[in-house]
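Student: Could you take me on a close look at the ligand and the spaces in this protein? I'd like one connected walk-through, please.

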Amino acid sequence: MRALVLNTVNKSTTVQDVPNPEPGPKEILVRVRAVALNHVDYMNAVKPLAAQEKRVLGSDFAGEVAQVGEDLVGLDDPRAKVGARVSGFVQGASSVNDRPGAFAEYVAIDYDLTWNIPDKVSFEEAASVSLGAMTAAQGVFERLQLPSPFSETGVSEQRSIREDEPVSVFIYGASSSVGLYAAQLVRLSEKTSDRKIRLIGAASPSKHALLYDAPYSYDLLVDYRDPQWPEAVRKAAGGEGAQYAIDAISQGSTVEQTDSVIKSGGKFAIFRAPAAGNFDIAKLKTKPIFGAVWEALGVEVQYHGGVTIPANTKARAFGAALYKYLGSGVESGQIKLYPNPVRVMPGGLEEIPSDGFGLLSGSFKAVQQDQKGHLGPVSGEKIVYVVS
Ligand SMILES: NC(=O)c1ccc[n+]([C@@H]2O[C@H](COP(=O)([O-])OP(=O)(O)OC[C@H]3O[C@@H](n4cnc5c(N)ncnc54)[C@H](OP(=O)(O)O)[C@@H]3O)[C@@H](O)[C@H]2O)c1
């Protein structure tokens, strides 16, 4: 098959012919139709982790099942059928451990770490969902412990809030991919618990109309470039601040700013570790809770900075439960989570290193001044490539 291969020695990234992956007994082989880009894909290309000379890059994919592993033959699960439309994410080069990458014509993955794509959702849209939605769900349900529509996670915690006390959730970086999924999950949590949630977000004003609309349905949005925004958020959350906060950017001053709008005793989810996000945890009132999306894959990950994320069976069970939920009701046309707006880029895998990674790294900023089109500024969108 053709795949986007990182040479970890000379840091070149080129499309090469590599052997097709063989699905294990409980794996499916997916013919990849579309892939989406995440910051980590670019980061791994410029700062390779792998000890091996060659690694296939890429995390998010969507495609069709081409083959099922021997233990899955006859299994009554819609994902374990040849021709099924599925999406998921893999680690690619995001670990020292040797793992498959998604920027390829085929990828092998545990069937229960994929979700069924509704007919109304295209492969390009579906590719934007898996990694971002898992990251957001870990934040909303595992770290903030809000009631979940697909497990009992957090219900007891939520009940500890007095019934008459309004619940406020604040999302910083509401237009980011993680922020767009987090808001939808908060709204699903609201339906599950039948408790009104006041959802407050910080994003560029150009994205406010999108975010006030369904499925995000924010109650209030502030402009993160307005220095007065923390005061406006505290006021909207009843004066003392929000009980729950998510910093979907988690970079430098965003963490301290978000911390400043959290009520005493509140909960705080972040998505970058202090060293990677360049912030000082000692300066924060509320201890933020961090985690890595890779935990959902249930395997040990040797990561950047010599960090080892141990295999976590609970996190894997959570991930599998989220994806089962996302695919439930597909036969009746239900969409549980709406994909991010997508920018489908011209060209295929070959163009990812120049155009796709160029957009993620900000290297087109000069071009962006006067150019729209596929190299224009990325805001509230996922970059997607068609593979086949
Ligand atoms: N822990 C994990 O496992 C994990 C997994 C996935 C992602 N992440 C991290 O989560 C963060 C978000 O990732 P993503 O893929 O969701 O990002 P993304 O979609 O690429 O984020 C881009 C958006 O963020 C907004 N933005 C950028 N800088 C901002 C700032 N300083 N303040 C407010 N908004 C800002 C931009 O809004 P405007 O255009 O309107 O300015 C833009 O719409 C990244 O730091 C990523 O590394 C962590």
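Tutor: Sure, let's start at the ligand: one of its oxygen atoms is 2.4 Å from an N or O atom in the side chain of Tyr224. Keep in mind that this is a predicted model. Right next door in the sequence, the side chain of Arg225 also has an N or O atom facing up to a ligand oxygen, at 3.3 Å. Phe271 joins in with its backbone instead: an N or O atom there lies 2.8 Å from a nitrogen atom of the ligand. Now widen the view. There are 22 residues around the ligand, and Tyr224 turns up again among the nearest, together with Tyr172, Ser204, Val293 and Ser379.

Next, the empty space. Rolling a probe the size of a water molecule over the atoms shows where such space is left. How many cavities of 30 Å³ or more are there? The count comes to one, and its volume is about 60 Å³. Try clicking through its lining: you'll meet Trp115, Pro118, Val121 and Val129, then Leu326, Ile335, Lys336, Leu337 and Pro339. Sorted by class, that makes eight nonpolar residues, one charged and no polar ones.

Now for a pocket. The second largest one holds about 450 Å³ of space. Of the 25 residues lining this pocket, Glu27, Val90, Arg99, Pro100 and Ala108 are the closest to its centre. Which strand gives the largest share of the lining? That's β7, with five residues. Strand β7 covers residues 106-110, and both β7 and β4 supply at least two lining residues each. By class, the lining of this second largest pocket has 15 nonpolar, three polar and seven charged residues.

Since β4 came up, let's follow it into its sheet. This is an open sheet of three strands in the order β2-β1-β4, and the pairing is antiparallel. Why is one side of β4 left without a neighbour in the sheet? Both β4 (54-56) and β2 (12-17) stand at the edges with a single partner strand each, so each has one side with no neighbour in the sheet. From one strand to the next, the twist averages 40°. Between those edges, β1 (residues 2-7) is joined to β2 by six bridges, and the two run antiparallel. To see one of these pairings on screen, pick Asn7: its bridge partner in β2 is Ser12.

Notes:
Residues are numbered from 1 along each chain as its sequence is written. This is a predicted model: local features need pLDDT of at least 70, side-chain atom pairs count only at pLDDT 80 or more; totals for chains, interfaces and linings use all residues. Side-chain values use heavy atoms; hydrogens and water are left out. On a 1 Å grid over the protein atoms alone, a cavity is a set of points where a 1.4 Å probe fits but cannot get out, and a pocket is an open set with protein on both sides within 12 Å along at least five of seven lines; lining residues have an atom within 4 Å of a point. Grid points are joined across faces, edges and corners, and a volume is the space filled by probe spheres set on the points. Ala, Val, Leu, Ile, Met, Phe, Trp, Tyr, Cys and Pro count as nonpolar, Asp, Glu, Lys and Arg as charged, and the others, Gly among them, as polar. Two strands pair if DSSP finds at least two bridges between them. Helices (H or I, at least four residues) and strands (E, at least two) are DSSP runs, numbered from the N terminus. Axes are lines fitted to C-alpha atoms, for helices over the stretch in contact, and angles run from 0 to 180 degrees between N-to-C directions. A residue is near a molecule or strand if one of its heavy atoms lies within 4 Å of it. A polar contact is a pair of N or O atoms within 3.5 Å; within protein, one must be able to donate a hydrogen and the other to accept it, and residues adjacent in sequence count only if both atoms are side-chain atoms.
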